[in-house]
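Subject: Structure for you to look through

Dear colleague,

I am handing over the structure below, and I would be glad if you could open it beside this message. What I found in it follows directly after.

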Amino acid sequence: MRPEDLVVLKLGGSAITFKDRPLEADETTIKRLAGEIAASGVCKLIIVHGGGSFGHPLAHRYGIHEGLKGNWQLRGLAETHLAMEELNRLVVGALAAEGLPAVPLPPISCFTTRRGRISKAFLEPLRALLALGAVPVLYGDVVLDEAQGFAILSGDQITAYLALTLGASRVVLALCVDGVFTKDPLKHPDARLVERLRPEDLSALEAGGSAALDVTGGMGEKLREMAPVASAGVPVLLVNARVPGNVLKALRGEKVRGTLFLA
Ligand code: IP8
């Protein structure tokens with residue numbers, strides 16, 4: 001990989017938090033992943049992380065994803081953003097402890113949406129951080145929405161948007177499962193890992209959704225979000241972040257168990 005090649009890494013919320021324990025981060029995994037990211041030697045990197053048990057329960061409690069229904073939700077808007085900042089601080093702190101110049105970039109102040117889809121993006125600070133050699137760290141967040149007041153902007157949508165807009169060479173999705181399966185592996189023991197997936201294969205698969213609460217969708221939604229990236233010829237690699245060494249190998253472009261999503 002050339003030093004100028006941009007990689008976008010998404011750390012799934014279920015990989016870095018305990019999804020069934022509200023506001024509890026898996027700090028051991030975050031620390032290990034930070035070590036793997038630092039050891040990968042990728043020079044031009046953007047990290048986006050999900051909400052897991054920080055953003056999702058609050059967003060759900062206040063119906064943030066449904067848009068403005070009443071002023072009582074404003075408190076939830078603030079609380080959801082603060083919870084995400086808290087998780088972001090843990091991720092950025094772990095990266096900094098490994099010597100990486102990680103800098104938080106709150107999506108609430110650089111994106112707006114229209115019915116939940118990115119409508120405007122102010123990417124100058126992000127471009128400038130990359131040019132300086134820093135590692136911007138974004139996350140799924142509450143954002144202001146032109147049509148419905150506010151919305152949840154998922155880390156996946158941000159990842160796909162940045163990969164396409166900034167011309168990434170690769171996207172790595174670090175999840176809590178090995179990749180895409182032929183069936184939901186939690187329900188079907190005969191489910192097989194799909195090692196190579198094309199956007200046109202999507203409808204043929206019963207993508208295994210995550211069982212825990214997730215207001216921005218599970219695996220199916222993730223793949224639909226990544227389809228334009230894969231279709232544009234940018235490889236999207238899905239790997240299990242809970243297996244030590246996987247993220248390191250994926251970032252280095254080495255062979256690793258997972259799903260390669262590419263047209
Ligand atoms: O976990 C959603 O981001 P995701 C973040 O990437 C919030 O879907 C605030 C629920």
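Glu-254 and Arg-252 join their side chains in a salt bridge, with 3.7 Å from N to O. Glu-254 is partly exposed at a relative accessible area of 38%, and Arg-252 is likewise counted as partly exposed, at 41% relative accessibility. Please keep in mind throughout that this is a predicted model, and that the values here are computed from it.

Glu-254 also appears in the lining of the second largest pocket, together with Glu-195, Arg-196, Leu-237, Lys-255, Val-256, Arg-257, Gly-258, Thr-259 and Leu-260. The space in that pocket comes to about 180 Å³, and strand 14 supplies the largest share of its lining, namely three residues.

Strand 14 leads on to the sheet. Eight strands make up an open sheet of mixed pairing, and their order across it is 3-6-2-1-9-13-14-12. At its edges are strand 3 (102-104) and strand 12 (196-197), each of which pairs on one side only. Helix 4 (residues 73-97) packs on this sheet, where it touches strand 1 (6-11), strand 2 (44-49), strand 3 and strand 6 (135-139), and the direction of helix 4 makes about 150° with that of strand 6.

How do the strands around strand 14 run relative to one another, parallel or antiparallel? Strand 12 and strand 14 (residues 258-261) run parallel and are joined by two bridges, and within this pairing Leu-197 has Phe-261 of strand 14 as its bridge partner. Strand 13 and strand 14, by contrast, run antiparallel and are joined by four bridges, with Thr-259 in strand 14 as the bridge partner of Leu-238. On from there, strand 13 (residues 236-240) is joined to strand 9 (residues 170-175) by five bridges, and these two strands run parallel; here Ala-174 has Val-239 in strand 13 as its bridge partner. In general terms, the strands of a sheet pair through backbone hydrogen bonds, in either a parallel or an antiparallel way.

To return to the charged side chains, the structure has 17 salt bridges in its count, and a few of them seem worth following in detail.

Glu-225 and Arg-117 form a salt bridge through their side chains, at 2.6 Å from N to O. Which parts of the chain does this pair tie together? Glu-225 belongs to helix 7 (residues 219-231) and Arg-117 to strand 5 (residues 117-121), so the salt bridge ties together parts that lie 108 residues apart in sequence. Glu-225 is buried, its relative accessible area being 7%, whereas Arg-117 is partly exposed at 42% relative accessibility.

Glu-36 and Arg-32 make another salt bridge, in which the closest N and O atoms are 2.8 Å apart. Both residues sit in helix 2 (residues 27-40), and because they are four residues apart there, about one helical turn separates them. Glu-36 counts as buried, at 8% relative accessibility, while Arg-32 is partly exposed with a relative accessible area of 23%; the cut-off for buried is under 20%, so the two residues fall on either side of it. There is also a network of salt bridges, which links Arg-2, Glu-4 and Asp-5.

Two helices are mostly covered, and I describe them in turn. In helix 3 (residues 52-61), seven of the ten residues are buried, and these are Gly-52, Ser-53, Phe-54, Gly-55, His-56, Leu-58 and Ala-59. What do the buried residues of helix 3 pack against? Their packing partners are helix 1 (13-16), strand 8 (149-153) and helix 4, the last of which also packs on the sheet. Just after helix 3 comes Gly-63, which takes a positive phi of about 60°.

Helix 6 (residues 155-165) is the other mostly covered helix, with eight of its eleven residues buried. Among those buried residues are Gly-155, Asp-156, Gln-157 and Ile-158, and Thr-159, Ala-160, Leu-162 and Ala-163 are buried as well. Just after helix 6, Gly-167 takes a positive phi, here of about 65°.

With kind regards

Key
Residues are numbered from 1 along each chain as its sequence is written. This is a predicted model: local features need pLDDT of at least 70, side-chain atom pairs count only at pLDDT 80 or more; totals for chains, interfaces and linings use all residues. Side-chain values use heavy atoms; hydrogens and water are left out. A salt bridge is a side-chain nitrogen of Lys or Arg within 4 Å of a carboxyl oxygen of Asp or Glu. Buried means under 20% relative accessible area, exposed over 50%, partly exposed in between (1.4 Å probe, protein chains only). Two strands pair if DSSP finds at least two bridges between them. Contact means heavy atoms within 4.5 Å. Axes are lines fitted to C-alpha atoms, for helices over the stretch in contact, and angles run from 0 to 180 degrees between N-to-C directions. On a 1 Å grid over the protein atoms alone, a cavity is a set of points where a 1.4 Å probe fits but cannot get out, and a pocket is an open set with protein on both sides within 12 Å along at least five of seven lines; lining residues have an atom within 4 Å of a point. Grid points are joined across faces, edges and corners, and a volume is the space filled by probe spheres set on the points.
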